[in-house]
Amino acid sequence: MGLRKILTTEESALHKVCKPMVNFDERLWKLLADMRETLIASGGVGLAAPQVGILRRVVLVDTGEEILELINPTLIETDGEQVGPEGCLSVPGKYGLVKRPYFAKVKAQDRNGNWFEAEGEELIARCFCHELDHLDGVIYTEVMERFLTEEELLEDEE
């Protein structure tokens with residue numbers, strides 16, 4: 001296992017559409033292990049493969065109870081709406097105001113290629129949408145309403 005470098009917005013890989021994962025083998029498992037270690041070390045909630053320079057449809061989401069591994073995920077259901085602050089490991093130190101669904105359900109494959117569904121509300125729904133956007137070359141700054149000021153972020157923490 002090893003830490004991977006997290007790319008920032010000026011890197012072209014972050015703006016490309018990722019290809020599906022077709023081989024569920026040791027290379028994928030090493031990528032998942034490295035991404036897990038990188039996500040934990042970064043303190044983030046989610047990490048997509050293009051953020052570490054791999055143009056494949058692979059995402060990790062930390063639900064607080066487990067780190068979900070989502071391979072070839074698709075958003076299959078959303079409901080409601082939430083507007084709130086959003087950040088990104090690839091846009092360090094900045095936060096924007098982003099509208100996302102309140103609820104989201106994804107269908108994905110696990111590390112062995114088996115299909116499953118996962119769902120979540122609030123932060124988890126936001127994270128599903130944010131990370132799946134990365135797989136299509138979209139960064140939250142492209143869908144946000146505006147950047148938040150430091151004062152607004154401090155107010156939000158209180």
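A salt bridge is taken here as a side-chain nitrogen of Lys or Arg within 4 Å of a carboxyl oxygen of Asp or Glu. In this predicted model, Glu69 and Arg111 form such a bridge, with their closest N and O atoms 2.8 Å apart. The pair links distant parts of the chain. Glu69 belongs to strand E3, whereas Arg111 sits in the loop between E6 and strand E7 (115-121). The two residues are 42 residues apart. Their exposure was also computed. Glu69 is buried, at 12% relative accessibility. Arg111 is partly exposed, with a relative accessible area of 28%.

The structure holds 13 salt bridges. Another of them joins Lys105 to Glu77, the closest N and O atoms being 3.6 Å apart. Lys105 lies in strand E6 and Glu77 in strand E3, so this bridge ties together parts that are 28 residues apart in sequence. Lys105 is buried, with a relative accessible area of 17%. Glu77 counts as partly exposed, at 37% relative accessibility. The bridge belongs to a network: Glu77, Lys105, Glu117 and Glu119 are joined by salt bridges that share partners.

A further salt bridge brings together the side chains of Glu11 and Lys5, at 3.6 Å from N to O. Glu11 is partly exposed, at 27% relative accessibility. Lys5 has a relative accessible area of 58% and is exposed, because the cut-off for that class is over 50%.

Glu86 was examined next. This residue is placed in strand E4 (residues 82-88). Glu86 is buried, with a relative accessible area of 4%. Its side chain makes a polar contact of 2.7 Å with the side chain of His130. Residues up to four places away in sequence were set aside in listing the contacts of Glu86. On that basis, Glu86 touches Lys94, Tyr95, Gly96, Val98, Arg100, Arg126, His130 and Tyr140.

Lys94, one of the residues touched by Glu86, also lies over an aromatic ring. Lys94 is placed over the face of Phe147, at 5.2 Å from the ring centre. A second lysine, Lys107, lies over the face of Trp115, at 5.3 Å from the ring centre. Pairs between aromatic rings were also sought. A search of the whole structure finds zero of them.

Nonpolar packing was then considered. In soluble globular proteins, nonpolar side chains tend to be buried together. The largest nonpolar core here has 17 residues. Within this core, Val59, Val61, Leu70, Val106 and Phe128 touch the most other members. Two or more residues come from each of strand E2 (58-62), strand E3 (67-79), strand E6 (103-109) and helix H2 (123-135). H2 gives the largest share of this core, seven residues.

The contacts of Leu70 show this packing residue by residue. Neighbours of Leu70 within four places in sequence were left aside. Leu70 is then in contact with Val59, Val61, Val106 and Phe128, among others. Its further contacts include Arg57, Val58, Ala108, Gln109 and Phe116. A second core, separate from the largest, has 13 residues. Among them are Leu32, Ala49, Val58 and Ile67. Val58 is thus named both in this second core and among the contacts of Leu70.

Notes: Residues numbered from 1 in each chain as written. Predicted model: local features only at pLDDT ≥ 70, side-chain atom pairs only at ≥ 80, totals over all residues. Heavy atoms only, no water. Phe/Tyr/Trp six-rings, centres within 6.5 Å; stacked < 30°, edge-to-face > 60°. Lys NZ or Arg CZ within 6 Å of the ring centre and 35° of its normal. Core = buried A, V, L, I, M, F, W, Y, C linked by side-chain atoms within 4.5 Å. Buried < 20%, exposed > 50% of the residue type's maximum accessible area, 1.4 Å probe, protein only. Helix = DSSP H or I, 4+ residues; strand = E, 2+ residues; numbered from the N terminus. Contact = heavy atoms within 4.5 Å. Polar contact = N/O pair within 3.5 Å; in protein donor to acceptor, adjacent residues only side chain to side chain.
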